[in-house]
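Here is a short walk through one protein chain, written for someone who likes to keep the coordinates open while reading. Please load the model and follow along.

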Amino acid sequence: MISLHGLTKVFPGGVRALDGIDLTIGDGEFFALLGPSGCGKTTLLRTIAGLETAGSGTISINQRDVTCLPPGRRNVAMVFQDYALFPHMDVTENIAYPLRIRKVPRAERLAKAADVARRLSLSELLRRRPAQLSGGQQQRVALARAIACHPTAFLFDEPLSNLDARLRLEARTFLKRLQRELAVTTVFVTHDQAEALALADRIAVMSRGRMIQVGTPAEVFQRPATTFVASFIGSTPMNLLPARAAGGSLYAAGAVLPAPAGLTDGDDLVYGVRPEYMDLSPTERPDAFPGTVSVLENLGTSTLVTLEEGGTFVQAVVDEGDEPRLGDHAWAVPRRALVYRDGELLAP
């Protein structure tokens, strides 16, 4: 278990990279730190590892305060974005290096390296050096090196970002299966929300050194707590439409919609609905967003349809074969929607 309490980090010049982080990551949990570049996620990971010094607050790993301990005494293993393999060492030597630092006898560390390499399908590559390996092979060597020392926690800093699209998907599946088998607490940094949704048990969405929302992938996807999270999460961004409350209804983008209780007439709101939760109707409906089909984007088994009306754009995802034609007039019907006031989600 990893516990953070009141963690802050301020860089020279007053840049507040971490701003009072409170977080508990459970034993064996796969936890993702997600956010745009500069949000503080890598700084947080490096602070847990001991590569950055916390300005204030505490870090506990398995109920042991490690805030002031050097990296080597925290019993964590970090896999970097560029893998950080030693170019003059072969695969065996790279995997065994943490054990060598711990002064494990040579025979024992070579046996351990061979065993871990076998589990990661690296046995035929043990005599090669990093320059002779593909990106995916280098990634597995970096993982093998982390596994070999039996850490309390894995810390992954965007380990898949250097792989091509197909290999990233394969590596993602492999990484999740491996973490389940090892049952080691894992903190995974990424700016790719698809990776976070696919891999994590829980996700923390970060912005400007703060955690905006922490929850399961389903919670963060289906009920984003703020308009920032709503716009950041999802392979197709959520429709966020200005709305106004009046007479118990919401008026947004030409549609008249049900309003949640407790609103005052004239309230300025944002109506949020994911394209995946929209249907298209060829006939006019008052509870739907009207528009002309201006863009069709093929997503494989579905199509993203963009409707335009008076400078407002609304998107919907339809199944393969149900696509309208460019220039058609249609109405987008929301099935599941959220309402925000001042950027914060209103309770249902």
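The report below goes from the annotated domain to the cores, then to the sheets and the cysteines.

This is a predicted model, so please read every value as computed from predicted coordinates.

**Annotated domain**

The UniProt record, an unreviewed entry, lists residues 2–233 as "domain: ABC transporter". Over that stretch the chain is 37% helix and 26% strand. The C-alpha atoms at the two ends of the stretch are 25 Å apart.

**Two nonpolar cores**

As general background, nonpolar side chains in soluble globular proteins tend to be buried together. Here the largest nonpolar core has 37 residues, and Ile95, Leu120 and Leu122 have the most contacts inside it. Strand E6 (76–79), helix H2 (91–101), helix H3 (106–119), helix H4 (135–148), strand E7 (153–157) and helix H5 (165–182) each give two or more residues to this core. Helix H4 supplies the largest share, with 7 residues.

Ile95 is a good residue to centre your view on. Leaving aside residues up to four places away in sequence, Ile95 touches Ala113, Ala117, Leu122, Val141, Ala144, Arg145 and Ala148. A second core, separate from this one, has 35 residues, and among them are Val205, Ala245, Leu263 and Phe289.

**The six-stranded sheet**

Now to the sheets. An open sheet of 6 strands runs in the order E13-E12-E11-E14-E20-E21, with antiparallel pairing. Its edges are strand E13 (255–258) and strand E21 (344–345), each of which pairs on one side only.

Strand E11 can be followed to both of its partners, E12 and E14, in this order. Toward E12, Ala245 stands opposite Leu250; Ala245 is also one of the residues of the second core. The hairpin of E11 and E12 has 2 residues between the strands, and Gly247 takes a positive phi near 60° there. Toward E14, the bridge partner of Leu241 is Tyr271.

**The five-stranded sheet**

Another open sheet has 5 strands in the order E15-E19-E16-E17-E18, and its pairing is antiparallel. Strand E15 (278–281) and strand E18 (312–319) stand at the edges with a single partner strand each, so one side of each has no neighbour in the sheet. From one strand to the next, the twist averages 45°. Within the pair of E16 and E17, Val295 stands opposite Thr306.

The table collects three antiparallel pairs from the two sheets.

| Strand | Partner strand | Bridges |
|---|---|---|
| E11 (residues 239–246) | E12 (residues 249–252) | 3 bridges |
| E11 | E14 (residues 268–273) | 6 bridges |
| E16 (residues 289–298) | E17 (residues 302–309) | 6 bridges |

**Cysteines**

How many disulfides does the model contain? The count comes to 0 disulfides, with a cut-off of 2.5 Å between cysteine sulfur atoms. Is Cys39 buried or exposed? Cys39 has a relative accessible area of 3%, which is under 20%, so Cys39 is buried. Cys68, with a relative accessible area of 78%, is exposed because that value is over 50%.

Note on methods. Residues are numbered from 1 along each chain as its sequence is written. This is a predicted model: local features need pLDDT of at least 70, side-chain atom pairs count only at pLDDT 80 or more; totals for chains, interfaces and linings use all residues. Side-chain values use heavy atoms; hydrogens and water are left out. UniProt positions are given in the numbering used here, feature names are shortened, and annotations may be inferred rather than shown by experiment. Helices (H or I, at least four residues) and strands (E, at least two) are DSSP runs, numbered from the N terminus. Two strands pair if DSSP finds at least two bridges between them. Buried means under 20% relative accessible area, exposed over 50%, partly exposed in between (1.4 Å probe, protein chains only). A nonpolar core is a set of buried Ala, Val, Leu, Ile, Met, Phe, Trp, Tyr and Cys residues joined through side-chain atoms within 4.5 Å. Contact means heavy atoms within 4.5 Å. Axes are lines fitted to C-alpha atoms, for helices over the stretch in contact, and angles run from 0 to 180 degrees between N-to-C directions.
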